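Hi,

Here is the structure I promised to pass on. Have a look at it first, and then read my notes below.

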Amino acid sequence: RTGVSVLCSPSGGAVLIPAVQDGLERLLRTALPLSEQQGDVVFDAPTSTWSATVNRLTVNLFLYDVARSGRPARVDAPVRNPDGTVARRRFPLPMVELSFLVSAWAGSTRDEHQLLGDVLTRLLAHPTVPADLAPAALSSPVELSIASDERNRPRDLWTSLGGQVRASFTLVATVAADAYP
């Protein structure tokens, strides 16, 4: 946590990427479980400089790609206001895909593989970030999927980050972008 105040989108909700990251961190801390005393969930670029500073159990979710999803835009149902008027969005909300390179860091390769396997199975068990763990300000559920290696090529990412190739996978979080008031 950086202590930075929460930024707002044009519609007044929480900023999309930090809100998704908060939901992912809550999910992993709850599902693993991984308390703040036991280890870290971070979103830093896993460069060789960064990895030299890791000294405890760490799950890293590095956001390396943001793209508009091929899914249709989300059309919200009209909402009845307390005064009886009906409000509806003028435009459907575009769906966005956030791609994270997920890796685990521990004292030994065996421990890293165990932690990475635990992270993978917990994420596979949750097709979405559960509503009680997701920030309320998001305009849709955060859908989770594991991407194939052919689409995102994690080994190329490791090379471009200046690090050695290590066990990892790509997590894609798909969510509606609350881009319009």
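Of the 181 residues in this protein, 38% count as buried, where buried means under 20% relative accessible area, exposed over 50% and partly exposed in between, with a 1.4 Å probe and protein chains only. Before you dig in: this is a predicted model, so local features need pLDDT of at least 70 and side-chain atom pairs count only at pLDDT 80 or more, while totals for chains, interfaces and linings use all residues. Residues are numbered from 1 along each chain as its sequence is written, and side-chain values use heavy atoms, with hydrogens and water left out.

On confidence, pLDDT is the predictor's confidence in each residue, from 0 to 100. The mean for the protein is 83, and 80% of its residues reach 70 or more. Residues 1-13 are the stretch to watch: pLDDT stays under 50 there, and the model has 18 contacts for them beyond four places in sequence. A contact means heavy atoms within 4.5 Å. Where pLDDT is low, the predicted coordinates should not be read in detail.

Now the layout. There are 5 helices and 7 strands, taken as DSSP runs (helices H or I, at least four residues; strands E, at least two) and numbered from the N terminus. In order, the elements run α-β-α-β-β-β-β-α-β-α-α-β. Among contacts with a separation of 6 or more, 68% come from residues 24 or more positions apart.

Two helices caught my eye. H3 covers residues 109-124, and its end C-alpha atoms are 22 Å apart, which agrees with the 22 Å that its 16 residues should span at 1.5 Å a residue (the expected span is 1.5 Å times one less than the number of residues). Its buried residues are Glu-112, Leu-115, Leu-116, Val-119 and Leu-123. Seen down the axis of H3, they fall within an arc of 100 degrees, so they line one face of the helix; the arc is that of the directions from the helix axis to the C-beta atoms. Arg-110 and Leu-124, on the other side of H3, are exposed. The buried residues of H3 pack against H1 (16-31) and against strands E2 (57-68), E5 (95-105), E6 (143-147) and E7 (169-176).

H1 also has 16 residues, and reaches 22 Å from its first C-alpha to its last. Its buried residues include Leu-16, Val-20, Leu-24, Glu-25 and Leu-28, and the buried set packs against E1 (39-42), E2, E5, H3, E6 and E7. Arg-29 lies in H1 too, and is buried with a relative accessible area of 16%. Beyond four places in sequence, Arg-29 touches Leu-34, Ser-35, Glu-36, Gly-39, Asp-40 and Val-41.

Which rings pair up? Rings of Phe, Tyr and Trp (its six-membered ring) pair if their centres lie within 6.5 Å; planes under 30 degrees apart count as stacked, over 60 as edge-to-face and the rest as tilted. That gives 2 aromatic pairs. Phe-43 and Phe-100 are edge-to-face, 6.3 Å centre to centre with 65 degrees between the planes. Phe-43 sits in the loop between E1 and helix H2 (48-51) and Phe-100 in E5, 57 residues apart. Trp-50 and Trp-105 are also edge-to-face, at 5.0 Å and 85 degrees. Trp-50 lies in H2 and Trp-105 in E5, so this pair ties together parts that are 55 residues apart in sequence. Trp-105 is buried at 7% relative accessibility, and the charged end of Arg-166 sits over its ring, 3.5 Å from the centre (the rule: NZ of Lys or CZ of Arg within 6 Å of the ring centre and within 35 degrees of the ring normal).

Cheers
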